[in-house]
Amino acid sequence: MSELFVALTPANLLACFVGTVLGTIVGVLPGLGPAGAMALVLPLTIKLGPTAGLIMLAGIYYGAMYGGSTTSILVNVPGEAASVVTTIDGYRLARKGRAGAALAIAAIASFVAGTVSVVALQVAAPLVARAALAFGPAEYFGFALLGLVLLANLTGGSRAKSLAMVLTGLMLSTVGMDPLGGTVRFTFDLAGAQAGLSFVAVTTGLFGVAEVLASMAEPAASSAVARVRFRDLYPNREELRRSVPPMLRGTVLGFLVGLVPGPAATIASFVSYGIEKKVSRHRRELGTGAIEGVAGPEAANNAAAGGGMIPLLSLGLPFTPSTAVLLSGMLLMSVTPGPFLLRDHPSVFWGVIGSFYVGNVMLLLLNLPLVGVFARVATIPPKYLMPGVLVLCAVAAYSDNNNIFDVWVMVVAGIAGWAMRALDFSPAPLVLGLVLGPVLERSLLQALTIARGEIGGLWASGPASVMLAAAVVAFVAPGLMALVRRSATRTT
Amino acid sequence: MGRDRWSAAGLALLAVMYLLVARRYPLDTLATPGPGVVPLITGVVLLAVAISLFIVAGTERPARHVGGLSETGAAPTRPTESARVLRSPLVLAAALLLYTALLPRLGFIACSFVLVVLASRLMGARGWWRPVVLGLGIAATAHLLFARWLGVPLP
């Protein structure tokens, strides 16, 4: 536990500071999201070593959640998906002249939720990790499969499309050396493909290059930003009092949603808004500029970011693109997350958790006085910003293996990702299929070998059977419900 | 045939090609599964999903957009399909392919400079001196930051 203070060494504090500032900027800018930004700075963080590198990546992850709300409130443009709901009441509050109060409440809600969820993470992650020590290949297979099915269900839009993207990701994950026997597959004799498709290259392509291409097809957003003076930043007593219950509800809810695979932060913010509309004492005002509509969702999306760290740190299974980038960063630094992380690299484990505390304080101190500066970042025209993003993408992809093949992968992934967006396919399930593919394949083959070819070996143990059953239910249920609904409407 | 049907057909084609290549890898037995097992399962399931997408595409209403946002923060984008709107991203896509092809020959600084100037012009920057200054700045900063200071090798 004393390793928590690892986060307080000057080098790690600096890494945390740089990460949170970068994250806030990324959160403020529409377009580039946290996963893309984290992939972009991966080459830089590897040079910093595991603890400082991961602290910086985690800072971006958290910072983006903070920054996203700033432009939602001031410009009515969400910096990232998890802040879409905040525009509803946040922007109306700004129009009423309460922009400062809304920003302050958003920052405070993010701080409270972030800190509470780190405490929960600190308590829960070692417990889950200890339980996971008993997990064999069959349990891992069940868990990864359940995760991917839930992910396809929750990504939004068409479920079949999300499923197709998960499978495409799995397919791409089979390129290169197979995880057990060492057979080289699907490389078409390209030397660069032997080690598999670079995750960094695919991610920077899908979330960086594709975003740049997509932004070109859109008209430039207007850039009128309300000016906020420092002394306007104080919410009045009434606003503070009204924010407390939604903040607490959002925190608990967000953390729980964060444990579930899928775009947890976005879902958590929508669910929190929905709950406030049902239970809040001021529910009638929601939609017209109520502070509850800022406090609840902003707490929820930050708490979800904390909850999402539990499967990553204690099981080694990421279920969001951002945590997937964190995983690949860890692997590049030869740190394997999962049940053994706490035992083998305690300073990394506690250092990262400690940095969440520090990062939350830093973000609060940074966001309150500098909110005007960050809001102005959002007004930098894309024609000056996006070309730089392209160059950064190329650097990140190349430096992963010092290989021009990876730059090709990035460019092709970028063009494919642009087409996917145009056809309403989400890139997130693909990335997770790519990351979880090797886990799924290795655990399936190992489980079969252990069971001497008996397929029943996959569900022989209690936890494995529960997870596989849940995966089947999650796979079948939405289809069945649609059938039931259809026949119900036909009979009425 | 609508957009969704075309994309479903494309996915089905991808699955079939993948399965054809996957035939090269042995399945072996269930007790000692070979490297062909997971590709076979993946390819077959993708084919099934693609076929169901193709069938459903004709009957379904358009997907909801609010729920379609990704956690990654991608802002919702809905490019209109007029040729004028598509032209500049297509030119940039071609430029990116050319960039990658020329990187090993011309080096990072020269290629990145040209890419930035071109991209910034395509995105609506007027005149030449601003894009050129931007290109020089970005290429030089990236070189100094990554190659010199952090020791990241660049092509």
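Is A:Asp400 buried or exposed? Select A:Asp400 and see. This is a predicted model, and the tour starts at that residue.

**Stop 1: A:Asp400**

A:Asp400 sits in helix α16 of chain A. The residue is buried, because 24 other C-beta atoms lie within 10 Å and 20 or more are enough for that label. Now show its contacts. Beyond neighbours within four places in sequence, A:Asp400 touches A:Pro43, A:Ser198, A:Val200, A:Ala201 and A:Asp406. Pick A:Ala201 from that set. A:Ala201 is 199 residues away along the chain, yet its C-alpha atom is 7.8 Å from that of A:Asp400.

**Stop 2: helix α19 of chain A**

Select residues 462-491 of chain A, which form helix α19. Check its length. The 30 residues should span 44 Å at 1.5 Å a residue, and the end C-alpha atoms are 41 Å apart, so the two values agree. Then zoom in on A:Ala477. Here α19(A) bends by about 35°. A proline, A:Pro478, follows within four residues.

Next, colour the buried residues of α19(A): A:Ala464, A:Met467, A:Ala471 and A:Ala474. What do they pack against? Their partner is α6 (137-154) of chain A. Keep the helical repeat in mind: with 3.6 residues a turn, residues three or four places apart point the same way.

**Stop 3: chain B as a whole**

Switch to chain B. Count its elements: five helices and zero strands. From the N terminus the order is α-α-α-α-α. The domain assignment splits the chain into domain 1 (3-57) and domain 2 (83-149). Centre to centre, over C-alpha atoms, these domains of chain B are 38 Å apart. Of the 155 residues in chain B, 35% are buried.

**Stop 4: helix α5 of chain B**

Select α5 (129-149) of chain B. The helix has 21 residues. From first C-alpha to last, α5(B) reaches 28 Å, close to the 30 Å expected at 1.5 Å a residue. Highlight the residues buried in α5(B): B:Pro131, B:Leu134, B:Gly135, B:Ile138, B:Ala139, B:Ala142 and B:Phe146. They pack against α4 of chain B together with α16 (382-401) of chain A. That second partner is the helix of A:Asp400 from the opening stop. Step just past the end of α5(B) to B:Gly151, which takes a positive phi of about 70°.

**Stop 5: where the chains meet**

Show both chains. The contact takes 80 residues from chain A and 66 residues from chain B. On the chain B side, α1 (3-22), α2 (37-57), α3 (83-106), α4 (108-122) and α5 (129-149) each supply at least two residues. Colour that side by class: 46 residues are nonpolar, 17 are polar and three are charged.

**Stop 6: confidence**

Finally, colour by pLDDT. Chain A averages 85, and 96% of its residues score at least 70. Among the elements of chain A, helix α17 (residues 404-422) has the highest mean, 94, and helix α15 (residues 346-377) the lowest, 81. Chain B has a mean of 83, with 83% of its residues at 70 or more. Among its elements, α1(B) is highest at 94 and α5(B) lowest at 89.

Which stretch of chain B stays under 50? Select residues 63-80. The model has 58 contacts beyond four places in sequence for them. Where pLDDT is low, the predicted coordinates should not be read in detail. For the whole model, ipTM is 0.85 and pTM is 0.83.

Methods. Residues numbered from 1 in each chain as written. Chains lettered and ligands numbered in written order. Predicted model: local features only at pLDDT ≥ 70, side-chain atom pairs only at ≥ 80, totals over all residues. Contact = placed C-beta atoms within 7 Å. Nonpolar A, V, L, I, M, F, W, Y, C, P; charged D, E, K, R; others polar. Expected span 1.5 Å × (residues − 1). Bend = angle between axes of the 7 residues up to and from the residue. Buried ≥ 20, exposed ≤ 12 C-beta atoms within 10 Å, placed from the backbone. pLDDT = per-residue confidence, 0-100. Domains from an automatic or database assignment.
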